[in-house]
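Hi everyone, thanks for making time. I'd like to walk you through one protein model today, so have a look at it first.

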Amino acid sequence: MTKQIIIATKNKGKSKEFKEFFAKYGIEAISLLELDEEIVDVEETGNSFRENAALKAETIANHLQQMVLADDSGLEVDVLDGKPGIYSARYAGEPTDDEKNIQKLLQELAGVPKEKRGARFVCTLAIAEPGNETIFRTGFCEGKISTQKKGNHGFGYDPVFVPENYNLTMAELPSNEKNKISHRKYAMDELEDWLEQSN
Ligand SMILES: O=c1[nH]c(=O)c2ncn([C@@H]3O[C@H](COP(=O)(O)OP(=O)(O)OP(=O)(O)O)[C@@H](O)[C@H]3O)c2[nH]1
Ligand SMILES: [Mg+2]
């Protein structure tokens with residue numbers, strides 16, 4: 001039987017990326033959207049990526065009584081003092097809408113010159129298991145916010161995020177390229193020791 005890990009997410013874009021990462025270790029990543037049982041949303045009431053990742057991982061691990069990985073991630077824009085940050089998914093309000101979030105961000109940055117459009121994606125992973133201490137890993141991806149949407153791969157703010165040393169947006173990169181340089185990939189790299197020891 002293949003090994004499996006539950007990913008405490010309802011985000012299809014994240015789920016697809018985790019399936020690709022874990023497949024390399026012979027592990028099948030399963031999101032909450034694929035479970036037979038409907039899982040209620042965990043309220044993200046924390047004040048940091050770490051607190052929200054812990055909330056999602058620990059709540060779902062306790063509910064399912066098994067090991068669970070959660071991802072809390074977002075975009076920090078320099079000229080906005082790190083916003084939208086932990087509010088990235090709900091930047092333009094709820095229900096969450098990637099297109100509205102992008103339009104709001106482009107409006108906030110209207111007239112801001114290229115050299116001041118620096119930003120980074122942040123991803124904190126939490127792995128929780130009933131009875132064990134939760135572990136955390138974080139990864140970053142530096143870049144800039146473009147002035148126009150381009151590309152249709154990925155999700156979220158990918159169409160307006162240009163990674164450092166690239167002239168293309170994240171959404172113009174095929175998924176295997178994004179998955180070599182993304183915040184999520186660097187957070188997964190930090191998990192390598194844990195993956196080796198638990199394999
Ligand atoms: O362009 C992007 N490329 C990425 O790789 C990426 N990673 C995160 N984000 C943004 O940050 C929010 C996370 O918020 P978040 O961690 O609460 O996740 P979510 O609410 O979408 O799903 P869940 O995992 O909580 O169920 C997302 O919705 C996106 O707006 C990204 N945008
Ligand atoms: Mg969320």
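I'll go through two helices, one strand and two positions from a database record.

First, keep in mind that this is a predicted model. The mean pLDDT of the protein is 97, and 99% of its residues reach 70 or more. The scores for the model are ipTM 0.99 and pTM 0.97.

Okay, let's start with helix H1, which covers residues 12-23. How far apart should the ends of its twelve residues be? At 1.5 Å a residue, they should span 16 Å, and the end C-alpha atoms are indeed 16 Å apart, so the two agree.

Now, which residues of H1 are buried? They are Lys14, Glu17, Phe18 and Phe22. These cover an arc of only 125° around the axis, so they sit on the same side of H1. Turn to the other side of H1, and you find Lys12 and Ala23, which are exposed. And what covers the buried residues? The cover includes three strands, E1 (3-7), E2 (27-31) and E3 (68-77), along with helices H4 (175-181) and H5 (183-190).

On to helix H2, residues 49-64. H2 has 16 residues, and from its first C-alpha to its last it reaches 22 Å, close to the 22 Å you'd expect at 1.5 Å a residue. Its buried residues are Phe49, Asn52, Ala53, Leu55, Lys56, Ala57, Ile60 and Ala61. Among the elements that cover them are E3, strand E5 (118-128) and strand E6 (135-145). Just after H2 comes Gln65, which has a positive phi, near 55°.

You've heard E3 mentioned twice now, so have a look at that strand. Nine of the ten residues of E3 are buried, which means the strand is largely enclosed by the rest of the structure. Who are its partners? E1 pairs with E3 in the parallel sense over two bridges, and there Ile7 is opposite Leu69 in E3. E5 runs antiparallel to E3, and ten bridges join them; here Val68 faces Ala128 in E5. Then there's strand E4, residues 83-84, which pairs with E3 in the antiparallel sense over two bridges. In that pairing, Glu76 stands opposite Pro84 in E4. E3 and E4 make a hairpin with five residues between them, and Asp81 in the turn has a positive phi of about 55°.

One bit of background while we're on strands: in a regular strand, side chains alternate between the two faces of the sheet.

Last topic: the record. An unreviewed UniProt entry lists Glu43 and Asp72 under "binding site". They're spread over 30 residues of sequence, yet they cluster in space, with a largest C-alpha distance of 12.1 Å.

So, are these two buried or exposed? Glu43 lies in the loop between E2 and H2. Glu43 has 10 other C-beta atoms within 10 Å, so it counts as exposed, the cut-off being 12 or fewer. Asp72 lies in strand E3. With 27 other C-beta atoms within 10 Å, Asp72 is buried, since 20 or more is what that takes.

And what does Asp72 touch? Setting aside neighbours within four places in sequence, Asp72 is in contact with Phe49, Asn52, Ala53, Lys56 and Thr124. You met Phe49, Asn52, Ala53 and Lys56 a moment ago, among the buried residues of H2.

That's my tour. Thanks for listening!

How values were computed
Residues numbered from 1 in each chain as written. Chains lettered and ligands numbered in written order. Predicted model: local features only at pLDDT ≥ 70, side-chain atom pairs only at ≥ 80, totals over all residues. Helix = DSSP H or I, 4+ residues; strand = E, 2+ residues; numbered from the N terminus. Expected span 1.5 Å × (residues − 1). Arc of directions from axis to C-beta. Contact = placed C-beta atoms within 7 Å. pLDDT = per-residue confidence, 0-100. UniProt positions renumbered as here; feature names shortened; annotations may be inferred. Pairing = 2+ DSSP bridges.
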